[in-house]
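I set out to record what I looked up in this structure, entry by entry. The notes follow the order in which I took up each topic.

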Amino acid sequence: MLNSKRLILAHFWLAFALFGLALLLGAWQMFIRSPMAAWIGNPEWYYRSLTAHGTIMAYVFPTLIAMGFGYAISESSLKQALIGARWAWIGFWLIVVGTVTSMIPVSLGLASVLYTFYPPLIGNPFYYIGIVLVVGGSWIWVALMAINLASWKRSNRGVPVPLAMYANVASSWLWGWTAVGAALELVLQILPVALGFKSTIDAGLARVFFSWTLHAIVYFWLMPTYIAYYTIVPRAIGGKLYSDSMARISFVLFLVVAMPIGIHHTFADPQVGAGFKFIHSAFTAIVALPTLLTVFTICASVEIAGRLRGGRGPFGWLTALPWQNPVMLAVAFSFIMLGFGGAGGLINMSYQLDASIHNTQWITGHFHLIFGGAIVIMYFVIAYDLWPHLTGREIRNLHLMRVQLWLWFVGMIVTTFPWHYVGVLGMPRRMAFFDYTDPAIAPDAIPVVMSAFGGFLLVVSAGVFFAILYKSQRSPLCDAGPYRFSVAVHPQTKVPVALNGHALWIALMIGLTVTNYGFPIAQLTVRSDTSVPAYYVGTRK
C-alpha cells in the first residue's frame, strides 16, 4: 500500500513540470540554430538556455523521477510505510531550493557554463551552490533507501529481497557514488574560484573529476527505465518475468562496471595518458553486457506474454501481443531507440573512431536518443502505471496515450537521426549560430530543419502527456488496489547471498573506481604547472 502518495506525487509533478520547461528551451534552441530563424544577435541567450536545459534534464528531472519512483517501490515491494518520510520531504525541498538557486544566475546571464561546467569558465557561485543542494537532497534518498531495506531485512531474515527494491537500492547506491566526482570538482576546484579564494583552476583535473560522473550518470538515468522493464512490463502485458536472477545480475553489473569508464570522454584531452584511456574504453565495452542481458530477458518475458495469449509457432507470439496496450508500445519504441543509441555508443567508446565524431552533433544525437528517447519514454510509462494508485483516478483514454507515445517516438527519431548525419559531416555542437549560406555548411541545412521539426513533435507529445494527466484528475474515483510488480516464471524462494545484498558489489564499485581514477587524479594533483587563469562568465572580468 502506498502511504506516501503526496510525497511521491510532489516528486513527479515537479519533475514533469521542469521537464516541460526544459523541453521548450530545447525546441527553441533547435529553431534559432536552424535556417528557419534569423540570427538572434546575442549568443549569450542561446547559452543561457542551453545551460538551463542541460542542468534540469541532467540533474533535476531524472533525479526526481528516480526518487519518487524509489519511494513508491519501497512502500509497495516491502509492504511497509516509508521510514524517514520527514527526511524525504527535506530532501525534496532541498532540490526545490537548489533548482531555484541555480536557475536565477543562469537566467541573469551569470552562469552560462552548461551543465558540464567547462572550467576554466567560472559562473556565479550560487549556480554551483544550487547544484550542491540538489545533490545533497538526492543523497537523503540514497540513505533512506538503504535504511528501509536494512529495516525490512532485519524483520525478514532469509527472505529474498523483492526484485524491485533490490534494483532500486542498486540505483540509489550507483547515484550516491556517481555524484561524488562532480561534488569533488565543485567543492575542491570550482567553488574556491567562484567564491574568490583563488584566481586559477586546474581545468584538466576538474575534467577528470567530472568524467567520474559524466558517463555513470547515464546509467543512473537508465535505472528507473530498467526497473520498469523488469518489474512493470511483464505484468502490464499479461506475462511473467523470464528470470529474476538474470535481472539481479544485470543491476549489480551496472553497479560495478558503470563507474570506471568516464575517462573515455577525455580522449581528446592531453592531461590523461593513453593507457588509462584504453582501460576506460575497455570497461565501456563491458558495460554493454548488462544491457544485452536485459534485452534477452525482456524479449523472453514478452514472448511468454505472447504465448500465454495464444501465440503459436516461431513468430506467432508477436502478433498475439497486446499492441493496443501503451506499455507494450512504449517498450518496443524504447528498445528500438536503445538499439540505435547503443550502436552509436560503440563509436564513442572507440579510441580511434571517436576522433571522427568528437564534439560534433553526433554526440548530441547519441545522448538525446538514449536519454530523451529510450529512457524518457519509459518515464511516461512509469507515470501512467502509477497514476491511478497515487490519485485514485483511472486513466481511461488509451488511444490518446498511444498517440502521445507515437509522437514522442517519431519526434525523437526525426530529431536525433539528422544530428547523427550532420555530425558525420563534421558539424560542431554547442554553437549558437551557423551561416548556412557558407558552401561548407549548406548541406547541413535540410537535416537541421528536419531536427527542428522533430523538436516540435516532441513538444506536442509532451503537451498531450500533460493533457492526459490533467484529464485523469477529473475522472471518477476508482479503487486501483495495491500496486503490484511482475512475478517471475519461477518465483525465487532462495537467492544467493551475493544477489540478495549489495555489499560485495559496492566494494567492487568503489575499488574499480579508485583503481581506474586514482593515478590520473593523483598525478594531476601533485603537478604545479597545470593551473590556468579562470574566466568569469557574466559581469566579472
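**Entry: cysteines**

I began with Cys 299, which is partly exposed, as its relative accessible area is 38%. I then turned to Cys 478, which also counts as partly exposed, at 29% relative accessibility. I note here that the model is a predicted one. How many disulfides does a search of the whole structure find? The search returned zero. For reference, a disulfide is a covalent bond that joins the sulfur atoms of two cysteines.

**Entry: salt bridges**

I searched the whole structure for salt bridges and found seven. I looked up three of these pairs individually.

The pair I examined first joins Asp 385 and Arg 235, whose closest N and O atoms are 2.7 Å apart. Asp 385 belongs to helix α15 (residues 361-391) and Arg 235 to helix α8 (residues 233-236), so this salt bridge ties together parts that are 150 residues apart in sequence. Is Asp 385 buried or exposed? I recorded Asp 385 as buried, because its relative accessibility is 13% and the limit for burial is under 20%.

Next I took Arg 396 and Glu 394, whose side chains meet in a salt bridge at 3.9 Å, N to O. Arg 396 counts as exposed at 56% relative accessibility, whereas Glu 394 counts as partly exposed at 37%.

I also noted a salt bridge between Asp 529 and Arg 527, with 2.9 Å between the closest N and O atoms. Asp 529 has a relative accessible area of 54% and is therefore exposed. Arg 527, at 42% relative accessibility, counts as partly exposed.

**Entry: helix α18**

I checked the length of helix α18, which covers residues 503-526. Its 24 residues, at 1.5 Å a residue, should span 34 Å, and I found its end C-alpha atoms 33 Å apart, which agrees.

Where does α18 bend? I located a bend of about 45° at Tyr 517, with a proline, Pro 520, following within four residues. Both Tyr 517 and Pro 520 are among the buried residues of α18. The others I listed as buried in this helix are Trp 505, Ile 506, Met 509, Thr 513, Asn 516, Ile 521 and Leu 524.

I then asked what covers the buried residues of α18. The cover includes α5 (163-194), α6 (203-214), α9 (244-257) and α10 (274-286).

**Entry: aromatic pairs**

I counted 45 aromatic pairs. In the pair formed by Tyr 59 and Tyr 115, the ring centres are 5.7 Å apart and the planes lie at 75°, so I recorded the pair as edge-to-face. This pair links distant parts of the chain: Tyr 59 is in helix α2 (residues 43-78), and Tyr 115, 56 residues apart from it, is in the loop between α3 (85-107) and β1 (121-122). Tyr 59 is buried, with a relative accessible area of 4%. Tyr 115 is buried as well, with a relative accessible area of 17%.

I went on to Trp 141 and Phe 220, whose ring centres are 6.3 Å apart; their planes are at 55°, so the pair is tilted. Trp 141 sits in helix α4 (residues 125-155) and Phe 220 in helix α7, so the pair ties together parts that are 79 residues apart in sequence. Trp 141 is buried, at a relative accessible area of 0%. Phe 220 likewise counts as buried, at 1% relative accessibility.

**Entry: Leu 222**

I stayed with helix α7 (residues 216-231), where Leu 222 has its place. Leu 222 counts as buried, because its relative accessibility is 4%. I looked up the separation between the C-alpha atoms of Leu 222 and Phe 371 and found 7.7 Å, although these residues are 149 residues apart along the chain.

**Entry: Ser 350**

My last lookup was Ser 350, found in the loop between α13 (326-348) and α14 (354-357). Ser 350 counts as buried at 14% relative accessibility. Which residues is Ser 350 in contact with, leaving aside its neighbours within four places in sequence? I recorded contacts with Phe 267 and Ser 281.

Key. Residues numbered from 1 in each chain as written. Predicted model: local features only at pLDDT ≥ 70, side-chain atom pairs only at ≥ 80, totals over all residues. Heavy atoms only, no water. Helix = DSSP H or I, 4+ residues; strand = E, 2+ residues; numbered from the N terminus. Expected span 1.5 Å × (residues − 1). Bend = angle between axes of the 7 residues up to and from the residue. Buried < 20%, exposed > 50% of the residue type's maximum accessible area, 1.4 Å probe, protein only. Contact = heavy atoms within 4.5 Å. Salt bridge = Lys/Arg side-chain N within 4 Å of Asp/Glu carboxyl O. Disulfide = S-S within 2.5 Å. Phe/Tyr/Trp six-rings, centres within 6.5 Å; stacked < 30°, edge-to-face > 60°.
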